[in-house]
Every structure is written in C-alpha cells, then in structure tokens.
Amino acid sequence: MNQISINSWQGVQEEVLRRIRNRVWKPGAQIPNEMDLAKEFECSRSTVNRALRELAENGFLERKRKSGTRVARHPVAKAVLDIQIVRHEVEDRGSVYSYGMLGREIKMPPNGVTFALEQSRGEEMLHIVALHMADGAPYALEDRWISLSTVPEARNVDFTIHSANEWLLENISYDRAALTIYAGSASKSQQEHLNIPHSSPLMHLERQTWIANKAVTHVILSHMPGHRIVRSITN
C-alpha cells in the first residue's frame with residue numbers, strides 16, 4: 001500500500017472508500033475501529049476519525065457510539081457538484097454576457113481562505129475580483145484566490161480578457177471540490193459593485209477545489225437577489 005496516501009485524512013478516506021466500492025467491506029458490514037485503522041495506516045487516530053466522519057456525512061458510513069461504524073446499506077442521495085462557467089449560465093438565460101476585472105494582486109490570503117483550502121501555513125496567492133454581467137446589469141461578483149504553487153501559469157494570464165472562472169475550468173483539472181451555499185446581507189463593496197441598496201440579501205456560493213490534495217482555488221460568487229440554482233440529484 002502506498003504509504004504517502006495514508007499519511008493524511010484524505011488518503012485514509014480514499015482507501016476506505018475504495019474498500020467500500022470494491023465490496024471488501026460490504027453494505028451493513030462493521031469496519032475496524034479507529035484505533036485498529038490508525039495502526040494499519042500508520043497514522044493518528046484523529047486522522048482516521050476525520051476521514052470516517054466525512055464519509056459518514058456523505059452517506060457512505062453509519063456511525064453509532066456503542067455499536068461502531070458500519071458501511072451504509074442504502075447510501076443517501078447526493079447533489080452533483082457541477083461547476084458552471086458563469087458565461088454559459090448567463091447565455092443559457094438568453095442574456096448577453098459581459099465581464100470586467102475589478103482588481104488583481106498577489107498577496108497573502110486571509111486566514112479563513114488558508115483554513116478553507118486545508119493549508120497548514122499561508123502562501124502568497126493571486127487574488128482576483130471581477131464582475132459578471134447579464135445584458136449590461138450586474139449578475140455575480142467573483143472574489144477568487146488562486147494558488148500559484150499549484151497553478152503557476154495563472155500568474156501570466158490576462159484576466160481582463162478571460163474570466164478566472166472560465167479559464168480555470170477550461171485549463172486546470174481538479175479531483176475534489178467543496179461547496180457552501182449561504183445567504184447574507186451585501187457588504188459595502190458588494191453594494192457598490194453590484195449597484196444594490198444597503199443590506200440587500202445576496203446568495204453566496206463559496207467553493208474550494210483541489211488536485212492531488214493540492215489547493216487550486218477558493219472563490220466566493222455573490223449573486224444578485226432572486227438568483228436560483230438548479231442541480232441534479234444522484235445516488
């Protein structure tokens with residue numbers, strides 16, 4: 001077994017998921033306890049705990065304090081995370097798309113971004129702020145951080161011509177993503193860029209992507225009031 005893959009919670013998660021999918025551990029079967037798995041994978045128990053906790057949250061495992069952890073008999077339905085190109089979203093609505101970059105700089109990201117990207121320490125990243133428009137009106141405000149250690153070529157891309165959203169999806173692969181959707185009042189800068197009244201409600205899509213456990217990007221897309229999201233559901 002590849003020792004590098006089991007030194008992190010992601011590696012433990014991948015191996016546990018492999019065993020479930022290959023039916024090494026069949027539906028309803030109890031899996032080894034955290035201490036035994038930690039010994040097998042030569043990692044800490046907390047590493048195993050995080051891996052199993054996320055698999056339980058995603059419906060692959062059922063965890064009970066007294067009876068241990070079992071493979072779920074009927075994994076719950078999950079939404080498919082299909083990352084969209086904003087230009088396509090606008091054009092699919094029958095609107096004319098336009099785009100403008102509002103800011104670009106290389107600097108240290110805030111701690112919240114570093115934490116969300118699961119980095120143990122901060123590093124300088126490319127920060128892009130841009131506005132997506134539909135029929136000349138604000139559609140979404142993009143606040144994005146790009147890891148230059150993972151995507152060094154982003155340093156030389158002219159994002160006044162290409163949106164970071166579209167360029168990344170067309171040029172950079174990712175094998176894992178996380179999405180948080182939440183509502184909140186617009187900040188002062190969001191009010192100005194989106195041309196909306198004070199305290200207007202916005203829908204925020206906060207997303208992180210990784211490739212081989214290396215951070216690719218962290219982005220918050222803030223959508224105008226009334227924005228709707230439609231996604232498919234799969235088992």
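Helices, taken as DSSP runs of H or I with at least four residues, and strands, taken as runs of E with at least two, are numbered here from the N terminus. On this basis the chain, which is a predicted model, contains seven helices and ten strands. The C-alpha trace spans about 60 × 35 × 30 Å along its principal axes, and of the 235 residues of the chain, 41% count as buried. The accessible surface of the chain comes to about 13400 Å², with carbon and sulfur atoms contributing 49% of that area. Among contacts in the chain with a separation of 6 or more, 59% are accounted for by residues that lie 24 or more positions apart.

The largest nonpolar core comprises 24 residues, and those with the most contacts inside it are L126, I146, V151, A154, F159 and W167. Two or more residues of this core are given by each of the elements α4 (86-92), β4 (97-107), β5 (125-134), β6 (137-147), α6 (164-171) and β9 (214-223). The largest share, four residues, comes from β5. The surroundings of F159 illustrate how this core is assembled from separate parts of the sequence: when neighbours within four places in sequence are left aside, F159 is in contact with Y99, M101, R104, L126, I128, I146, A154, A164 and W167. A second, separate core consists of 17 residues, including W9, W25, C43 and L61.

Helix α6, which gives two or more residues to the largest core, also contains E166. This residue has a relative accessibility of 14% and therefore counts as buried, the cut-off being under 20%. Apart from its neighbours within four places in sequence, E166 is in contact with I85 and R87. The C-alpha atoms of E166 and V129 are 14 Å apart in space, the two residues being 37 residues apart in sequence.

One cavity of 30 Å³ or more was counted in the model, and the volume of the largest cavity is about 100 Å³. The lining of this largest cavity is formed by I83, R144, A164, N165, L168, L169, I172, Y174, R207, T209, V216 and T217. Two or more of the lining residues are supplied by each of α6, β8 (201-211) and β9, and the largest share, four residues, comes from α6. Divided by class, the lining of the largest cavity has seven nonpolar, three polar and two charged residues. A164 is named both in the lining of the largest cavity and among the contacts of F159.

The second largest pocket has a volume of about 280 Å³. Its lining is made up of 14 residues, of which Q119, E123, N213, K214 and A215 lie nearest the centre of the pocket. By class, the residues lining the second largest pocket are three nonpolar, seven polar and four charged.

Q119, one of the residues nearest the centre of the second largest pocket, is also in contact with T114. T114 is located in helix α5 (residues 111-116) and has a relative accessible area of 9%, so that T114 falls under the 20% limit for a buried residue. Leaving aside neighbours within four places in sequence, the contacts of T114 are with P109, Q119, R121 and G122.

Key:
Residues numbered from 1 in each chain as written. Predicted model: local features only at pLDDT ≥ 70, side-chain atom pairs only at ≥ 80, totals over all residues. Heavy atoms only, no water. Core = buried A, V, L, I, M, F, W, Y, C linked by side-chain atoms within 4.5 Å. Buried < 20%, exposed > 50% of the residue type's maximum accessible area, 1.4 Å probe, protein only. Contact = heavy atoms within 4.5 Å. 1 Å grid on protein atoms, 1.4 Å probe; cavity = no way out; pocket = protein on both sides within 12 Å on 5 of 7 lines; lining within 4 Å. Points joined across faces, edges and corners; volume = space filled by probe spheres on them. Nonpolar A, V, L, I, M, F, W, Y, C, P; charged D, E, K, R; others polar. Areas by Shrake-Rupley, 256 points an atom, 1.4 Å probe, with all protein chains shown as cover.
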